[in-house]
Amino acid sequence: MKKYIVGIDVGTSAAKVGVFNCHGEIVGCEKKEYPTESPKSNYAEQNPELWWSAVKNCIIKIIKKNKIPPNFVKAIGVTGQTRTQVFVNYKGEPLRPAIIWQDRRSSNEAQWINRKFSKKDIINYLGYQPPIDFSFPSARLLWVKNYERCIFEKTYKVLQPKDYINYKLTGNLSSDISSSFGLLNIKTEKLNEVYFKGLGIPTS
């Protein structure tokens, strides 16, 4: 029985999907673009459902074009753009458009964090040499808390794009250390309760 591996990339401009055989040879690949919206200056947002639709579309095309029985797919790997936040409720449904890495709306929140905590504290809390910038998830979370309180209160988890696609594929909400940069301490791989208490954001 032939075995196949599916690779998915949720990029900034498009979803790319490739199917490989067990020898690492490419069997087929597809790409589908989606738009970035800028409703205000310095805003950059995308609809997570368009990522999912693009991924499904690419997979279906490859499977049909190459006549691959779905049960012959033995593994799926997912990667994607980072420092992009997807705010979901307890059902895993997006509560608002994703704030992607290019978005600069939380610059004031980032400056506030840098004033509130000393450089030594930030290194201790995050294992990262400051300053914090607009792309940090803590700054983005503060912006949503300050300006979209209703969304903040309904948020169950905050995901990266690949985490959202993994959830749609498996029903599991999870992430990894590299995607949690700016949330976890990169040295201890743990959340710092003191840091988030200072931000007024629950670690859950």
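## Aromatic pairs in the predicted model

Two rings of Phe, Tyr or Trp (for Trp, the six-membered ring) count as a pair if their centres lie within 6.5 Å. The model discussed here is predicted, and by this definition the structure holds nine aromatic pairs. One of them joins Tyr128 and Phe136, whose ring centres are 5.1 Å apart and whose planes meet at 55 degrees, so this pair is described as tilted.

## Phe136 and its two partners

The two rings of that pair can also be described by their accessibility: Tyr128 is partly exposed, with a relative accessible area of 21%, whereas Phe136 is buried, with a relative accessibility of 1%.

Phe136 also forms an aromatic pair with Phe181, and this pair is tilted, with 5.5 Å from centre to centre and 55 degrees between the planes. Because Phe136 lies in the loop between helix H3 (119-126) and helix H4 (137-147), while Phe181 lies in the loop between helix H6 (161-170) and helix H7 (193-199), the pair ties together parts that are 45 residues apart in sequence. Phe181 itself is partly exposed, at 23% relative accessibility.

## A cluster of rings

Elsewhere in the model, ring pairs link Phe117, Tyr125, Tyr195 and Phe196 into a cluster.

## Charges over rings

Aromatic rings also appear together with charged side chains in this model, as with Arg105, whose charged end sits over the ring of Tyr43 at 3.7 Å from the ring centre. The charged end of Lys157, in turn, sits over the ring of Tyr156, and here the distance to the ring centre is 5.0 Å.

Conventions
Residues numbered from 1 in each chain as written. Predicted model: local features only at pLDDT ≥ 70, side-chain atom pairs only at ≥ 80, totals over all residues. Heavy atoms only, no water. Phe/Tyr/Trp six-rings, centres within 6.5 Å; stacked < 30°, edge-to-face > 60°. Buried < 20%, exposed > 50% of the residue type's maximum accessible area, 1.4 Å probe, protein only. Helix = DSSP H or I, 4+ residues; strand = E, 2+ residues; numbered from the N terminus. Lys NZ or Arg CZ within 6 Å of the ring centre and 35° of its normal.
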